[in-house]
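Visitor: I'd like to go through this one with you, starting from the loops and ending in the core. Can you put it on screen?

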Amino acid sequence: MAEVKTVRFAPPAEGSSATDLVFRRIQRMPKGRLFSRTLLADLGSPAAISRALSRLCARGDLERIVRGVYMRPKFNRYIGRVRPSVQQVVRLIARRNNETVQMHGAEAVRRLGLSTQMQMAPMFYTSGRSRTVRVGAAVAHLRHVAPDKLQCAGSPVGIALIALHYIGRKGADDRVLSHFKAFLSDDDLAMLYRCKMPIWMRDFVRRGIHQN
């Protein structure tokens with residue numbers, strides 16, 4: 001396994017303004033990569049960081065995507081300004097807030113190949129509060145759900161779990177089971193079986209484990 005390297009920033013230089021300190025730090029970040037203002041918390045007081053971010057945005061050195069989320073502007077010769085996806089922004093906000101975020105059941109069903117319908121506006125389940133996130137003209141809806149629906153979030157097991165919740169007992173037929181078995185490995189099915197779920201879901205998963 002490759003060694004995971006931790007990025008360490010040098011301590012702030014004495015006598016430097018917050019704007020200078022923030023500018024030096026963001027210059028080391030790739031253009032187009034989102035970051036939270038919490039990454040700059042050691043460079044000054046919250047008020048000083050806010051003023052520095054405002055100045056850098058006004059100068060064009062930074063772009064404010066949503067409240068507390070920024071990036072260095074990135075341009076492409078063919079499409080012009082590169083915009084982050086609303087999914088990227090939601091994931092960063094979730095990490096910043098220590099939230100668990102899971103894709104919506106409708107998207108999970110599509111990932112399993114059981115539907116071809118795309119969501120008009122991205123929707124997510126979250127351990128945080130229900131709310132709407134706007135990124136330019138794009139909108140994402142976050143809906144608070146119980147922890148049972150957030151198990152194994154972001155993994156194939158989590159996708160299968162939330163898809164089964166969305167499909168419901170009446171829709172969980174042999175066709176759905178065949179898609180589950182094609183999507184999940186034997187180990188994934190075993191992990192799914194160990195998740196907390198209603199009895200009917202456990203019986204459904206058990207069929208998949210024992211079916212040849």
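Guide: First, some vocabulary: helices (H or I, at least four residues) and strands (E, at least two) are DSSP runs, numbered from the N terminus. This is a predicted model, where local features need pLDDT of at least 70, side-chain atom pairs count only at pLDDT 80 or more, and totals for chains, interfaces and linings use all residues. Residues are numbered from 1 along each chain as its sequence is written, and side-chain values use heavy atoms, with hydrogens and water left out.

Visitor: Where does C152 lie, and is C152 buried, partly exposed or exposed?

Guide: C152 is in the loop that links β9 (138-144) and α5. Buried is under 20% relative accessible area, exposed over 50%, partly exposed in between (1.4 Å probe, protein chains only). C152 has 28% relative accessibility, so C152 is partly exposed.

Visitor: What is the phi of N98?

Guide: Most residues other than glycine have a negative phi. N98, in the loop between α3 (86-96) and β6 (101-103), is not a glycine, yet its phi is positive, at about 55°.

Visitor: Which helix gives the most to the largest nonpolar core?

Guide: A nonpolar core is a set of buried Ala, Val, Leu, Ile, Met, Phe, Trp, Tyr and Cys residues joined through side-chain atoms within 4.5 Å. The largest one has 28 residues, and L164 and F180 are among those touching the most other members. At least two residues come from each of α4 (105-111), α5 (156-167), α6 (174-183), α7 (186-194) and α8 (199-210). The top contributor, with seven residues, is α5.
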